[in-house]
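Please consider the structure shown below together with its sequence. The paragraphs that follow proceed from single residues to strands and then to domains.

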Amino acid sequence: MKELASALTLRRARKLYRERRILDSPQGPEVVVENQRCLAFCSNDYLGLANHPALVEALQQAAGRYGVGAGAAHLVSGHSALHHALEEELAEWTGTQRALLFSTGYMANLGVASALLRRSDRLFEDRLNHASLLDAARLSGARLLRYEHADMARLAARIEAAGGCAMVASDGVFSMDGDLAGLPDLARIADASGAWLLIDDAHGLGVLGEGGRGSYSHFDVAIGGNRILMGTLGKAFGSFGAFVAGSEVLIETLIQSARTYIYTTATPPALAAATRTALTLVRDEGWRREKLGALIERFRDGARARGFALMPSRTPIQPLLVGGTAAALSLSAALRDCGILVPAIRPPTVPEGAARLRITFSAAHREVHIDRLLEALEQCLAGRSRRVAGPKRLR
Ligand SMILES: *Cc1c(COP(=O)(O)O)cnc(C)c1O
């Protein structure tokens, strides 16, 4: 106990202490945080569906008919007609043979890796992959080898030197940087060694590709065979949960042996109803992606004009690299004083010395919101460079 308390104290002193903010409103461009109304640029609700009336209605109606709890795991008696219909619709939409619902993306990644890999296998992962893919590797017991971010030539060379591998896993869109994985290269490299390719498309699904089908579609790479899609439903879909899509054999294997699928309660059927509604909106309302794209461009143009250090991202994740942890925190706090909510992201979520503001956009934002953000950033950065000589007034 004593060690824990002093570890917490140390963490606080290093400005690495994590605290939750209490939200008292739905997700949206404006949220109420601790009695303050803020303009928010931090959710992953990229299409503005989390509080969409059609999703709310679908959830309410289905709860009226099916109740709240699923009551059991999918393989016992928790697999409802609504779950099943959603799986079939997700398979059709992604152009795959089958799709399988998981409770969360975290559990889906753990389930896939541990069902497909053995201790003697090698698994290659991008250094900037999401924590759940790293934990998936750990749980699988396979030998984890991490390659430098996006370095495809190194990856190919290392696989060859290692004498092959069983799986390559990567974020489709990197969650803290917003850049895209080189999916065509990854597919080629995985094919060449007969390895599985697991793409975690938490931030690409709904946003990229034709009809929002995600990173695979963006690069025109088909899913199936050795290629696996893990998609999450709590981000652009505005709902909750996740799914894995791919070949018939893959999905049947997961049903038989993915422990995070088997030994957990199914999500509420009403949630599947809300997600089915979300899918129709993701698929049919292309204007949401167009509007989002225009807002991203507006932000990037304005940021460039003001000399902020943008990262090479075309996605709704637009980080501003700050560097030091304390500097990122104080910038975030200064914005908060202006009524703008943007979190500082610190190590270990990002590498040491790469603390940043993680700004995200949603189709629910309006142009005036982007302009307010740009003005507030300019003001806060100017105030900061007057107070302290460093850190780089962003490029
Ligand atoms: C959010 C996220 C996950 C986890 O998904 P949940 O459904 O929230 O558990 C997995 N991978 C990436 C890249 C993510 O950003």
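D24 counts as exposed, because its relative accessibility is 64% and the cut-off for exposure is over 50%. The model discussed here is a predicted one. D24 is located in the loop that lies between α1 (2–13) and β1 (30–33). Although 12 residues separate D24 from Q36 in sequence, the C-alpha to C-alpha distance between D24 and Q36 is 9.5 Å.

Q36 leads to the next element, since strand β2 comprises residues 36–40. Strands β1 and β2 run antiparallel and are joined by four bridges; within this pairing, V33 has Q36 as its bridge partner in β2. The two strands form a hairpin with two residues between them, and in the turn E34 has a positive phi of about 45°. Strand β2 is also joined to strand β11 (residues 340–341), here by two bridges and in the parallel sense. In that pairing, A40 has L341 of β11 as its bridge partner.

A further parallel pairing involves strand β4 (residues 122–126) and strand β5 (residues 143–147), with five bridges between them. L123 stands opposite L144, which belongs to β5. Together with helix α6 (residues 131–140), strands β4 and β5 make up a β-α-β unit, and this unit is right-handed.

The elements may now be placed within the domain assignment. Domain 1 is assigned to 22–47 + 286–384, and domain 2 to 53–284. The contact takes 21 residues from domain 1 and 20 residues from domain 2. The C-alpha centres of the two domains are 27 Å apart. The size of an interface is often expressed as the accessible area that is lost when the parts come together. Between domain 1 and domain 2, the buried area is about 1500 Å², and carbon and sulfur atoms give 60% of this area.

Is T315 buried or exposed? T315 is buried, because its relative accessible area is 3% and the limit for burial is under 20%. T315 is found in the loop between α13 (286–305) and β10 (317–323). What does the side chain of T315 reach at 2.8 Å? The partner is the backbone oxygen of G178. The side chain of T315 is also joined to that of S313 by a polar contact of 3.0 Å. When neighbours within four places in sequence are left aside, T315 is in contact with V173, G178, L180 and I296.

Note on methods
Residues numbered from 1 in each chain as written. Predicted model: local features only at pLDDT ≥ 70, side-chain atom pairs only at ≥ 80, totals over all residues. Heavy atoms only, no water. Buried < 20%, exposed > 50% of the residue type's maximum accessible area, 1.4 Å probe, protein only. Polar contact = N/O pair within 3.5 Å; in protein donor to acceptor, adjacent residues only side chain to side chain. Contact = heavy atoms within 4.5 Å. Pairing = 2+ DSSP bridges. Right-handed = clockwise from strand over helix to strand, strands pointing away. Domains from an automatic or database assignment. Buried area = accessible area lost by both parts, 1.4 Å probe.
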